[in-house]
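User: I would like to learn how to read burial, charge and helix packing from a set of coordinates. Could you take me through an example, step by step?

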Amino acid sequence: MAQISTHWVFGYGSLIWRPGFEFVRQEPALLRGVHRRLCVYSQRHRGTAAQPGLVFGLMPGGSCRGMAFEVAPERWGEVHAYLHEREMDNGVYREAVRPLRVGGAAVGALVFLADTRHLQYAGKLAIAEQVRLVLAGVGESGPNHEYVLETARKLGELGIRDRHLDEVVEALHGVDVPVAETA
């Protein structure tokens, strides 16, 4: 396990819009050296082993804009445990502390990187295959397409452009996306 000497967390997918933990403040941030991509087969939150979904991971190369969350020192233990349970249950992500640009400053932050050697690492898939997996996946946290569209919506609100995600969203808008029924 990575030695954590900071109290910042970097969110690049659902952590941006559903962090699930208490934080002191949140700030837009830039992480260099990796980029966001739908590159991890989800067999829990947005899919199953029989019908995997596809979730975001950080792949080598480029940079990623997201959200940095500052956590109070007295909350760090419980927040780290929560994030470990949420992100590390199947081992497809690796914990690391990486430098982020937050405003004009550099801070060290906990990040979860896709493990390119893991069986659930999908790598760079064609848009059509990403869309197929996203439309078919449903897991503990709900339909996969909701995860993708909510992430795109939140990034848009923050003024963050992600051309890879934009391509997937455009393709999803070209098909009939299932609408969740309400009771």
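Analyst: We will go through a charged residue, the cysteines and then two helices, bearing in mind that this is a predicted model.

User: Let us begin with Arg-37: is this residue buried or exposed, and which side chain of opposite charge is nearest?

Analyst: A salt bridge requires a side-chain nitrogen of Lys or Arg within 4 Å of a carboxyl oxygen of Asp or Glu. Arg-37, which lies in strand β2 (residues 25-42), is buried yet without a salt bridge, since the nearest side chain of opposite charge, that of Glu-167, is 6.8 Å away.

User: With which side chain does the side chain of Arg-37 make a polar contact, and which residues beyond its sequence neighbours are in contact with Arg-37?

Analyst: The polar contact is with the side chain of His-164, at 3.2 Å. If neighbours within four places in sequence are left aside, Arg-37 is in contact with Val-55, Phe-56, Gly-57, Met-59, Lys-124 and His-164.

User: How many disulfides does the structure hold, and why is Cys-39 not bonded to Cys-64?

Analyst: A disulfide calls for two cysteine sulfur atoms within 2.5 Å. The structure holds zero disulfides, and for Cys-39 the reason is distance, because the closest cysteine sulfur, in Cys-64, is 11 Å from its own and thus too far for a bond. Both residues are nevertheless in the interior by the accessibility criterion: Cys-39 counts as buried because its relative accessibility is 0%, and Cys-64 counts as buried because its value is 1%.

User: How should I read the buried residues of a helix, and which are they in α3?

Analyst: An α-helix has 3.6 residues a turn, so residues three or four places apart point the same way. In helix α3 (residues 127-136), the buried residues are Gln-130, Val-131, Leu-133 and Val-134. They lie on the same side of α3, because they cover an arc of only 165 degrees around the axis. The buried residues of α3 pack against β2, β3 (53-70), α4 (144-157) and α5 (163-173).

User: Which residues of α5 are buried, and which exposed residues does the face turned away from them carry?

Analyst: In α5, His-164, Leu-165, Val-168, Val-169 and Leu-172 are buried. Their arc around the axis is only 130 degrees, which puts them on the same side of α5. The face turned away from that buried side carries the exposed residues Arg-163, Glu-170 and His-173, whereas the buried residues of α5 pack against β2, β3, α3 and α4.

User: What reaches towards the backbone nitrogen of His-164 at the start of α5?

Analyst: A side-chain oxygen of Asp-162 comes to within 3.1 Å of that nitrogen, while the side chain of His-164 makes the polar contact with Arg-37 described above.

Notes: Residues numbered from 1 in each chain as written. Predicted model: local features only at pLDDT ≥ 70, side-chain atom pairs only at ≥ 80, totals over all residues. Heavy atoms only, no water. Helix = DSSP H or I, 4+ residues; strand = E, 2+ residues; numbered from the N terminus. Buried < 20%, exposed > 50% of the residue type's maximum accessible area, 1.4 Å probe, protein only. Lys, Arg positive; Asp, Glu negative; His and termini not counted. Polar contact = N/O pair within 3.5 Å; in protein donor to acceptor, adjacent residues only side chain to side chain. Contact = heavy atoms within 4.5 Å. Arc of directions from axis to C-beta.
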